[in-house]
Every structure is written in C-alpha cells, then in structure tokens.
Amino acid sequence: MRPAARVAASPGADGRSRGSPPPPAALFPADMVAPFASTALGVPVPLLHPVLVADPARHTEPFLPAECLSDEPGTVDLATLRDLTAAFAGVPEIWRPVIHHRSDRRWYTRLLLSATVEVWLIGWYPGQQTEVHDHGGALGALTVAEGRVTEDRYDRNWTITRVREHVTGSSVGFGAAHVHRVANRGQEVATTIHAYSPPELPMRFAPTQDAADLRAATVPPPAVGAPAGRDVASAGAAR
Ligand SMILES: [Fe+2]
C-alpha cells in the first residue's frame, strides 16, 4: 500500500525553531513523483499527470484518501468517488492550466491512475456530447468544475429514462449498471472531473444498426448489471 495522503508538517518537528513557518505540505508523497504513462507500458501505479507534480508546493491542502492512491487492486465506494471529483474540481490550480476546450473534438486527459481509481479531466465545447454508454461495471462520479452539462440517463435496454442538468459545483455518483449520455447543450464551455473504480474497465456503447455492432450486442455483458452493447478497447475515451 502507498502511504496515506500527507499532512501538514508541524512547526519544530524537523528541528527548526517553532517560530519558523512550516513548509507547505506536499500534495503527493515524494515516492509518487513519477512520469505519467499508461499501465499498459508496465509503469508502476499510481501515476499522476505532470501538472500534479510540477509544483506541489503551491498546493497546501491534502485531499487524496490513501485508498485512492493504492497500488493494490480494489474498489472505492461512491461517496469517496464523489468526494474525490469534488476535491479536484475545488482546486482550479490543478485543472485550469491543463484544460482545453476544442471545437473540433471533445478534449480529455487522465489526472490520476492507481490500482483502485482513475480520474479524468474533460473539456466540453458547446454542442459536444458522448455516445450512450455504460462504464463496464465500474462505479463512477463526476463533478462540474465550470459551466453546466446535461446527463441523459438510460435503462439497461438503452431507453432514455431521465434528463438531469448538472451545474458548476454539482457532484453525482453512478452505480455499476449506470447507462448515460453526457452533453454540453449550452452556449458556454464546460469542464468536468470524472472518477471510476475499479479503473480501466472497457465501456460499452449502445448498439447501432451496424452489422458488427449487432453481433456484439448478442454477446453476454462482461460485468454484472451491465447491458449488452458494443465493447471498446480503451477505457476513458468517452467517459
Ligand atoms: Fe459516462
């Protein structure tokens, strides 16, 4: 297990006089300062986006639970995932220097990957949306960091059941069988933070009339409670 998220240093604990101001707490332990890369490359987890290690001294509030930094496979609960996305969204120093909003495609990058959770940053230009999809049986959560997004919820037969608006600061959790489409139907850009546990499960998209997709739709789902649909090779691409 990785060490727990750090805590602020106590004045005098390092031998300096108690009159000296404490050094700023590091956002991540020193042994976690590693290049960002995929686990497919064989790099040990957890992995962090460069922005998270470039200048850790400016981040003074630790906010990552130890269970989200684990290098031992596991699952964290929905409340923790919601809190995690809210914590990232609440530190614009992390996501604002990174985020892009592109009119030609939806933009995204992964901020954190451990053996228990992955965190994605997504930029939504007006009019952009995902396909209808599930999360391969993973638990999930999102927080709107800026702007607003619309979430169309679907049942396991890929039929729409509800439409919800999520505004800046809103957080929502997804169960393992959750099926939805997320869209920016407003006139302004939007930025969202997403977390999934366990990480890197392949999403499944609603079947289309394409012959290959129809064949895939007859295959039993890979996760309990997940609807039949199209498998995708890479997780996170359309979270
Ligand atoms: Fe999703």
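Modeller: A residue is buried if 20 or more other C-beta atoms lie within 10 Å of its own, exposed if 12 or fewer, and partly exposed in between, with C-beta atoms placed from the backbone. The structure is a predicted model: local features need pLDDT of at least 70, side-chain atom pairs count only at pLDDT 80 or more, and totals for chains, interfaces and linings use all residues. Residues are numbered from 1 along each chain as its sequence is written.

Biologist: What percentage of the residues of the protein chain count as buried?

Modeller: The protein chain has 239 residues. The share of them that counts as buried is 36%.

Biologist: How many helices and strands does the protein chain have?

Modeller: Helices (H or I, at least four residues) and strands (E, at least two) are DSSP runs, numbered from the N terminus. By this rule the protein chain has four helices and eleven strands.

Biologist: Which element gives the largest share of the largest nonpolar core?

Modeller: A nonpolar core is a set of buried Ala, Val, Leu, Ile, Met, Phe, Trp, Tyr and Cys residues joined through C-beta atoms within 7 Å. The largest one has 38 residues, and Leu84, Phe88, Val119 and Ile193 touch the most other members. Elements giving two or more residues to this core include strand 3 (118–124), strand 9 (190–197) and helix 2 (78–89). The largest share, six residues, comes from helix 2.

Biologist: Which residues is leucine 84 in contact with, leaving aside its neighbours within four places in sequence?

Modeller: Two residues are in contact if their C-beta atoms, placed from the backbone, lie within 7 Å. With the neighbours within four places in sequence left aside, leucine 84 is in contact with Cys68, Val117, Val119 and Ala195.

Biologist: How many residues does the second, separate core have?

Modeller: Val132, Val179, Met203 and Ala206 are among its members. The size of this second core is five residues.

Biologist: What is the order of the open sheet of six strands?

Modeller: Two strands pair if DSSP finds at least two bridges between them. The pairing in this sheet is antiparallel. Strand 1 (47–48) and strand 7 (171–174) each pair on one side only and are the edge strands. The order is 1-2-3-9-4-7.

Biologist: In strand 9, which residue is the bridge partner of leucine 121?

Modeller: Strand 3 and strand 9 run antiparallel and are joined by seven bridges. The partner of leucine 121 in strand 9 is isoleucine 193.

Biologist: At about what angle does helix 2 run to strand 4?

Modeller: Axes are lines fitted to C-alpha atoms, for helices over the stretch in contact, and angles run from 0 to 180 degrees between N-to-C directions. Helix 2 lies across strand 2, strand 3, strand 4, strand 7 and strand 9. Its angle to strand 4 is about 25 degrees.

Biologist: Which strands are the edge strands of the sheet that three strands form?

Modeller: This open sheet has the order 6-5-8 with antiparallel pairing. The strands that pair on one side only are strand 6 (160–167) and strand 8 (179–183).

Biologist: What is the count of buried residues in strand 6?

Modeller: Strand 6 has eight residues and is hardly covered. Its count of buried residues is zero.

Biologist: Which residue in strand 6 does aspartate 152 stand opposite?

Modeller: Strand 5 (residues 148–154) pairs with strand 6 in the antiparallel sense over seven bridges. Opposite aspartate 152 in strand 6 stands valine 163.

Biologist: Is threonine 150 buried, exposed or partly exposed?

Modeller: Threonine 150 has its place in strand 5. Its contacts, neighbours within four places in sequence left aside, are Val163, Glu165, Ala183 and Arg185. Because threonine 150 has 16 other C-beta atoms within 10 Å, the class is partly exposed.

Biologist: What is the phi of tryptophan 158?

Modeller: Most residues other than glycine have a negative phi. Tryptophan 158 is in the turn of the hairpin that strand 5 and strand 6 form, with five residues between them. It is partly exposed, with 17 other C-beta atoms within 10 Å. Although tryptophan 158 is not a glycine, its phi is positive, about 65 degrees.

Biologist: Where does glutamate 200 lie?

Modeller: Glutamate 200 has a positive phi of about 60 degrees although it is not a glycine. It is partly exposed, with 18 other C-beta atoms within 10 Å. Its place is the loop between strand 9 and strand 10.

Biologist: What is the omega of the peptide bond from serine 197 to proline 198?

Modeller: Most peptide bonds are trans. Proline 198 lies in the loop between strand 9 and strand 10 (204–205). The bond from serine 197 to proline 198 is cis, with omega near -5 degrees.
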